[in-house]
Amino acid sequence: MRPNIRFRSQPRAMASTLRAKSLRSGEALRGDLCAASGSQLPRGWPEPTLNRLLDFADVPKDARDPLGFKQALAEIAPALGGLPLRARKEMLTALAAHASAARAAAVPDRFGEWPPPEPTPPPRPRKKEEPRADPTAGDGGGYRWTQSETDLTIAVAVPDGTTKSEVLLQLAPSHGPATRLVLRARFWPQPLVAGELHAEVEASECMWHLSADTHEIVIDLPKVRPSLWPAILAPLPAIASKPAPPPVAGGVPHAAAE
């Protein structure tokens with residue numbers, strides 16, 4: 001009578017399945033490490049910790065790093081950092097046996113994803129873009145200005161009650177293209193505004209007036225060559241360090257309050 005091979009193979013297949021499941025879960029390895037170390041601490045080690053220790057054992061014996069293994073154990077569980085050499089060797093043997101058994105059972109010898117993926121670097125903080133200066137208007141310090149491609153307007157605040165006879169605008173040269181502008185007032189010893197214009201203006205066509213609404217001297221300067229200037233006025237070296245124009249307070253310049 002022929003033996004029933006089918007029924008004999010079933011327990012073997014079941015045992016092989018259970019063994020593979022134990023290898024995949026790491027339960028068998030954890031138990032072997034507990035036995036080798038004489039501690040129950042390995043029972044709770046997560047998969048990345050087991051993978052880290054497997055890296056020490058899954059190399060030829062003469063290439064293993066006993067000191068590195070001891071340091072790794074101390075980092076993982078300080079209580080195991082002082083294990084005697086014999087216990088550490090038994091742990092390495094258990095780790096190597098797991099890797100060999102896993103390969104024989106055609107299951108991964110590491111747990112989960114190993115080596116772990118490189119951490120994604122945090123996104124670089126975006127450089128704050130400096131707000132672009134408006135090329136058609138601005139403040140020059142003591143005056144404000146607006147421009148188009150064909151004209152430049154400069155407005156200078158003066159005390160309430162200032163009259164035209166107290167104001168003197170000088171452009172140099174006084175006829176034709178001019179690049180130097182000086183604005184004076186009788187009530188202040190220094191020029192209210194003085195500097196070299198970025199480019200030439202038509203001196204003979206320049207006009208100015210006193211604005212009753214804003215208490216400003218408003219100067220209109222036609223440009224010789226149409227364009228938007230990147231800068232308006234460079235202070236004259238001779239007066240660059242002179243006092244600023246008089247502050248306007250209550251309609252009376254401070255210099256006149258004496």
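**Overall fold and helix packing**

The protein chain contains 5 helices and 11 strands, as seen in a predicted model. Of its 258 residues, 33% count as buried. The accessible surface of the chain amounts to about 16600 Å², and carbon and sulfur atoms contribute 56% of that area. As for how the chain contacts itself, among contacts with a separation of 6 or more, 58% join residues 24 or more positions apart.

Turning to the helices, a good place to start is the pair formed by α2 (residues 27-37) and α5 (residues 85-104). The axes of these two helices come within 8 Å and cross at roughly 165°. Because angles over 145 degrees count as roughly antiparallel, α2 is roughly antiparallel to α5. The crossing of the two helices is right-handed. On the α2 side, the contact is made by Leu29, Asp32, Leu33, Ala36 and Ser37, while α5 contributes Ala87, Glu90, Met91, Ala94, Leu95 and His98. Sorted by class, the residues of this contact comprise 7 nonpolar, 2 polar and 2 charged. A general point helps in reading such lists: an α-helix has 3.6 residues a turn, so residues three or four places apart point the same way.

Helix α3 (residues 47-57) adds to this picture. Its buried residues are Thr49, Leu50, Asn51, Leu53, Leu54 and Ala57. These buried residues of α3 pack against α2 and α5, the pair described above, and also against α4 (66-76).

Conventions
Residues are numbered from 1 along each chain as its sequence is written. This is a predicted model: local features need pLDDT of at least 70, side-chain atom pairs count only at pLDDT 80 or more; totals for chains, interfaces and linings use all residues. Side-chain values use heavy atoms; hydrogens and water are left out. Axes are lines fitted to C-alpha atoms, for helices over the stretch in contact, and angles run from 0 to 180 degrees between N-to-C directions. Helices (H or I, at least four residues) and strands (E, at least two) are DSSP runs, numbered from the N terminus. Angles under 35 degrees count as roughly parallel, over 145 as roughly antiparallel, 65 to 115 as roughly perpendicular and the rest as oblique. A crossing is left-handed if the near helix is turned anticlockwise from the far one by less than a right angle, and right-handed if clockwise. Contact means heavy atoms within 4.5 Å. Ala, Val, Leu, Ile, Met, Phe, Trp, Tyr, Cys and Pro count as nonpolar, Asp, Glu, Lys and Arg as charged, and the others, Gly among them, as polar. Buried means under 20% relative accessible area, exposed over 50%, partly exposed in between (1.4 Å probe, protein chains only). Accessible areas come from the Shrake-Rupley method with a 1.4 Å probe; for residues, only the protein chains shown count as cover.
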